[in-house]
Amino acid sequence: MATRHRYSIGIHGGAGNRPAPAANIGLIRESLRTILEQGSARLAAGATALDTVVHCTRLLEDDPLYNAGYGSVPNSAGRFELEACVMEGRTLEAGAVTYVERIRNPVELARRIMEQTPHVMLAGRGAGDFAATNGIATVSQAYFQEGWHKYGRADEHGYGTVGAVARDCAGNLAAATSTGGQKGKRPGRVGDSPLVGAGTYADNEGCAVSCTGWGEDFIRTALAAYLDFLIVREGLEAHTAARIAIEYLVAKVNGNGGFILVDRTGAIATAQSSTYLHCGWIEHGGKPTTALRSPIQIARAEG
Ligand code: ASP
């Protein structure tokens with residue numbers, strides 16, 4: 001019988017500089033723990049990393065505590081434009097969606113695009129048309145309006161993008177990220193979350209990573225791809241790569257945010273330059289940990 005490697009999983013519920021309302025902190029930790037446990041049970045039963053990150057991201061999208069799916073924040077015109085990406089480390093296949101206004105679970109649509117089209121990303125109306133002919137659940141803008149107003153989140157700054165990374169028992173990696181984007185963003189703005197190599201990346205030889213924060217900073221530094229490069233080409237272990245990448249983000253663009261990654265050995269690392277990073281992980285099939293801050297924090301200049 002082939003050796004079964006132990007699995008690892010990491011999830012995040014976004015980075016920010018202002019604390020979430022005190023009343024929501026316990027709910028966030030509880031939600032992260034529940035979703036981690038679900039992901040872990042699946043991986044332990046032999047689910048693939050891809051299935052698991054999509055499943056966990058869908059649960060995060062359905063929870064109005066976060067800025068993704070149901071709880072997405074509006075743009076400057078008061079409309080909800082959602083984005084997501086999924087990537088598989090074995091094949092480097094990826095699927096992404098941006099500028100969708102009626103998709104309940106953008107991560108499901110991203111996966112469908114990856115699996116059923118020769119393309120990586122669909123946007124706007126084309127993405128909606130593809131969803132309609134592929135049995136993807138649609139909702140009205142009122143659905144997102146409702147989610148955003150739950151838990152007093154309409155008063156918040158707008159962080160809370162979600163993501164998941166996993167290494168399955170067969171040693172395959174996958175990553176997913178989903179967001180409503182920056183609160184008050186210009187209509188049509190595309191962030192880092194759906195962009196392969198910026199907010200999301202997965203490569204079996206290196207790592208699977210999901211980023212959160214000021215998207216433009218992650219796009220300009222290609223941060224997710226940079227992390228993979230540090231592990232694959234520089235041979236760094238996960239925590240060293242995480243520290244170097246967050247230092248690079250700050251040194252180059254005074255970047256604001258953080259990420260969670262799992263490397264090919266199943267090591268989990270997170271790092272942040274923001275004040276908060278809501279995240280949780282299970283490493284090598286062990287016990288769940290949830291945190292409001294990453295163990296690796298780098299200060300950035302204010303403003
Ligand atoms: N990175 C996301 C974006 O810029 C937002 C976030 O992570 O909070 O769209």
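1. Helix H3, which spans residues 106-116, packs against helix H4 at an angle of about 80 degrees, and the axes of the two helices are 11 Å apart. Because angles of 65 to 115 degrees count as roughly perpendicular, H3 is described as roughly perpendicular to H4. On the side of H3 the contact is made by Leu109, Arg112, Ile113 and Gln116, while H4 contributes Ala127, Phe130 and Ala131. Please keep in mind, here and in every point below, that this is a predicted model.

2. Two of the H3 residues just named return in the surroundings of Asn134, a residue placed in the loop between helix H4 (124-132) and helix H5 (141-149). If neighbours within four places in sequence are left aside, Asn134 is in contact with Arg112 and Gln116. Is Asn134 buried or exposed? With a relative accessibility of 18%, Asn134 counts as buried, because the label buried is given under 20% relative accessible area.

3. The next point concerns the sheet. Its 8 strands form an open sheet with mixed pairing, and their order is S4-S3-S2-S6-S5-S1-S11-S12. At the edges stand strand S4 (121-123) and strand S12 (289-291), each of which pairs on one side only. If direction is ignored, neighbouring strands of this sheet are turned by 5 degrees against each other on average. Helix H4 packs on the sheet, where it touches S3 and S4, and the direction of H4 makes about 105 degrees with that of S4.

4. Within this sheet, strand S2 (residues 82-88) and strand S3 (residues 94-100) can be followed in detail, since they pair in the antiparallel sense over 5 bridges. Which residue of S3 is the bridge partner of Leu82? The partner is Val100. The loop between S2 and S3 holds Leu92, a residue with a positive phi of about 60 degrees although it is not a glycine. Leu92 counts as partly exposed, with a relative accessibility of 42%.

5. A similar remark can be made about Ala222, which is found in the loop between H6 and helix H7 (223-232). Ala222 is not a glycine, and yet its phi is positive, at about 45 degrees. The relative accessible area of Ala222 is 33%, and this residue is therefore partly exposed.

6. The UniProt record, an unreviewed entry, marks Thr161 with the annotation "active site". Thr161 lies in the loop between H5 and strand S5 (162-167), and its relative accessible area of 10% makes it buried. Beyond residues within four places in sequence, the contacts of Thr161 include His12, Gly13, Gly14, Asn67, Ser193 and Cys211. Thr177, Ser178 and Thr179 are also among them, and so is Thr212, to which the next point turns.

7. The same kind of record, again from an unreviewed UniProt entry, gives the feature "binding site" to several positions, including Arg189, Thr212 and Gly215. Thr212 is found in strand S8 (residues 207-213) and is buried, with a relative accessible area of 2%. Not counting residues up to four places away in sequence, Thr212 touches, among others, His12, Gly14, Ala15 and Thr161. Asn256, Gly257, Gly258 and Leu277 are also among the residues that Thr212 touches. A polar atom of the Thr212 side chain lies 3.1 Å from the backbone nitrogen of Ala15.

8. Two further positions of that "binding site" feature, Arg189 and Gly215, are in contact with each other. Gly215 has its place in helix H6 (residues 215-221), and with a relative accessible area of 0% it is buried. Leaving aside neighbours within four places in sequence, Gly215 is in contact with Gln182 and Asp192 as well as with Arg189.

9. Arg189 itself is placed in the loop between strand S6 (173-179) and strand S7 (200-202). How is Arg189 classed, buried or exposed? Arg189 counts as buried, at 14% relative accessibility. Apart from neighbours within four places in sequence, Arg189 is in contact with Glu81, Glu83, Gly181, Gln182, Gly215 and Glu216. The C-alpha atoms of Arg189 and Ala174 are separated by 26 Å, and these two residues are 15 residues apart along the chain.

Methods:
Residues numbered from 1 in each chain as written. Predicted model: local features only at pLDDT ≥ 70, side-chain atom pairs only at ≥ 80, totals over all residues. Heavy atoms only, no water. UniProt positions renumbered as here; feature names shortened; annotations may be inferred. Helix = DSSP H or I, 4+ residues; strand = E, 2+ residues; numbered from the N terminus. Buried < 20%, exposed > 50% of the residue type's maximum accessible area, 1.4 Å probe, protein only. Contact = heavy atoms within 4.5 Å. Polar contact = N/O pair within 3.5 Å; in protein donor to acceptor, adjacent residues only side chain to side chain. Pairing = 2+ DSSP bridges. Axes fitted to C-alpha atoms, helices over the stretch in contact; angles between N-to-C directions. Parallel < 35°, antiparallel > 145°, perpendicular 65-115°, else oblique.
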